[in-house]
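Look over the sequence and the structure below before reading on. The text starts with the chain and then turns to its ligand.

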Amino acid sequence: AMRHLPYFCRGEVVKGFGRGSKELGIPTANFSEQVVESFPSDIPTGIYYGWACVGNGDVHKMVLSIGWNPFYKNIKKSVETHIIHTFKEDFYGEILSIVITGYIRPEKNFDSLDALILAIQEDIEEAKRQLDLPEHLKLKEDNFFHLPEGKIVNN
Ligand code: ADP
Ligand code: MG
């Protein structure tokens, strides 16, 4: 899973599948199908962490899922970013810039919604800890987040 990391990506935030992540307290900003298809096809599905920035805003910690979501039996691949920050408003249509720096676990099926939420909360705690380590923390300051034409633009 680490071979493609760090992975830089930028793209518009689009409407997701309306499966109520926000209602669970864990909104996930979805990338467009075009951006999803620009990812390496052999990048393992699962839960990752890294840094994210909306428009020209501040850089925040994030957790990200890549792949087929078994709990919701998705028919499409998705790349969804939960930014570990409380935003005043939604940001559909804005440009989300992310750098994925580490991998947490493969996708799993959960017996209940509570089990799913608990797992995500554990992922968030793991991401917060890992991102404080120097090798991950340094990516927060990457020029990718500060230069409008920095590195890879995926759409
Ligand atoms: P959808 O199915 O449209 O992706 P979600 O319930 O997953 O709906 O909510 C995602 C939306 O919530 C994002 O597109 C964004 O506009 C908004 N949002 C607000 N706070 C956050 C956050 N901390 N992380 C990600 N998205 C957030
Ligand atoms: Mg979502």
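What follows describes a predicted model.

The protein chain is built from three helices and six strands. Their order along the sequence is β-β-α-β-β-β-β-α-α. Of the 155 residues in the chain, 46% are buried. Contacts in the chain with a separation of 6 or more can be divided by how far apart the partners are in sequence, and residues 24 or more positions apart account for 71% of them. On the outside, the accessible surface of the chain comes to about 8500 Å², and carbon and sulfur atoms make up 52% of that area.

Next comes ligand 1. Around it are 19 residues, the closest being Gly 16, Asn 30, Ile 83, Phe 91 and Tyr 92. By type, the shell holds eight nonpolar, eight polar and three charged residues. Which strands supply at least two residues each to this shell? They are strand 2, residues 29-31, and strand 5, residues 78-83. Strand 5 gives the largest share, with three residues.

Polar atoms of the protein also lie by the ligand. Two of the pairs involve the backbone: a polar backbone atom of Ile 83 is 2.8 Å from a nitrogen atom of ligand 1, and a polar backbone atom of Thr 28 is 3.0 Å from an oxygen atom of the ligand. Tyr 92 takes part through its side chain, with a polar atom there 2.7 Å from an oxygen atom of ligand 1. On its own, ligand 1 has 560 Å² of accessible area, and the protein covers 94% of this.

Note on methods: Residues are numbered from 1 along each chain as its sequence is written. Chains are lettered from A and ligands numbered from 1 in the order in which they are written. This is a predicted model: local features need pLDDT of at least 70, side-chain atom pairs count only at pLDDT 80 or more; totals for chains, interfaces and linings use all residues. Side-chain values use heavy atoms; hydrogens and water are left out. A residue is near a molecule or strand if one of its heavy atoms lies within 4 Å of it. A polar contact is a pair of N or O atoms within 3.5 Å; within protein, one must be able to donate a hydrogen and the other to accept it, and residues adjacent in sequence count only if both atoms are side-chain atoms. Accessible areas come from the Shrake-Rupley method with a 1.4 Å probe; for residues, only the protein chains shown count as cover. Helices (H or I, at least four residues) and strands (E, at least two) are DSSP runs, numbered from the N terminus. Ala, Val, Leu, Ile, Met, Phe, Trp, Tyr, Cys and Pro count as nonpolar, Asp, Glu, Lys and Arg as charged, and the others, Gly among them, as polar. Buried means under 20% relative accessible area, exposed over 50%, partly exposed in between (1.4 Å probe, protein chains only). Contact means heavy atoms within 4.5 Å.
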